[in-house]
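Subject: Handover of a structure and notes on its contacts

Dear colleague,

Please find below the structure that I am passing on to you. I should be grateful if you would read the notes that follow with the model open beside them.

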Amino acid sequence: MIFSESRFPSCRIVFIALAATGLGLAGCSSRPTPPSFEIQLESTPPGADARTSFGPGCKTPCSVSTPLPDGNFTVTYTLDSFQPVTIPVQISGSAAGFMMPGTTRIDPNPVVAQLQPIVPPKPERKPTRPKKPNKPAAAAPAAAGSASPAPAQAVPPPPR
């Protein structure tokens, strides 16, 4: 028996319906994209390398656009001749639902770091020796007309 369109016109409709349903369900199997956010990264002085604890980074001033991390994170700033700085960032609010937008808040945004220069250590001073007292010079004869007697001509002590 041969199936012809005239005998089974509904076969074509069923086939089209099944194909459309399959294509429609294929879209449901993919995972939804996680919400993304943009965070501004700044530093004083500018030009520091800023890196988030979950990976992305850039040279300040800049911004990073990335999927929202699962929890709080940090941003670490580094720059030659400056001490590194790490700033904690808090994520608060609720995630997006099926019918509701998320109310996620990133604090602080922008994340700003004040970098401090590395102070070179002061050179150590060598301990100084105490000065030795000067030795008395050899007695020189008193000059003529001097008011004080020469040490060799000291006045004898008074009698007892």
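The notes below deal in turn with aromatic pairs, a salt bridge and one leucine. Please bear in mind throughout that this is a predicted model.

Aromatic pairs

Two aromatic pairs turn up when the whole structure is searched. In one of them, Phe-37 and Phe-73 are tilted with respect to each other, with 6.2 Å from centre to centre and 45° between the planes. This pair links distant parts of the chain, since Phe-37 belongs to strand S1 (residues 36-44) and Phe-73 to strand S5 (residues 73-78), 36 residues apart. Phe-37 is buried, at 10% relative accessibility, and Phe-73 is likewise buried, with a relative accessible area of 4%.

The other pair joins Phe-54 to Phe-73: the ring centres are 4.9 Å apart and the planes stand at 90°, so the arrangement is edge-to-face. Phe-54 sits in the loop between S2 and S3, whereas Phe-73 is in strand S5, so this pair ties together parts that lie 19 residues apart in sequence. With a relative accessible area of 30%, Phe-54 is partly exposed. Through these ring pairs, Phe-37, Phe-54 and Phe-73 are linked into a cluster.

Salt bridge

The search of the whole structure gives one salt bridge. The partners are Lys-59 and Asp-49, whose closest N and O atoms are 3.2 Å apart. Here too, distant parts of the chain are linked: Lys-59 is in strand S3 (residues 57-59) and Asp-49 in strand S2 (residues 49-52), with their positions 10 residues apart in the numbering. Asp-49 counts as partly exposed because its relative accessibility is 40%, which falls between the limits of 20% for buried and 50% for exposed.

Surroundings of Leu-115

Leu-115 is located in the segment that comes after strand S8 (111-114). Its relative accessible area is 3%, so Leu-115 is buried, the cut-off being under 20%. Apart from neighbours within four places in sequence, Leu-115 has contacts with Ser-43, Thr-44, Pro-45, Ala-48, Tyr-77, Leu-79, Phe-82, Gln-83 and Val-85. For Tyr-77, one of these partners, the C-alpha atom is separated from that of Leu-115 by 8.0 Å, although the two residues are 38 residues apart along the chain.

Yours sincerely,

A colleague

Notes: Residues numbered from 1 in each chain as written. Predicted model: local features only at pLDDT ≥ 70, side-chain atom pairs only at ≥ 80, totals over all residues. Heavy atoms only, no water. Helix = DSSP H or I, 4+ residues; strand = E, 2+ residues; numbered from the N terminus. Buried < 20%, exposed > 50% of the residue type's maximum accessible area, 1.4 Å probe, protein only. Contact = heavy atoms within 4.5 Å. Salt bridge = Lys/Arg side-chain N within 4 Å of Asp/Glu carboxyl O. Phe/Tyr/Trp six-rings, centres within 6.5 Å; stacked < 30°, edge-to-face > 60°.
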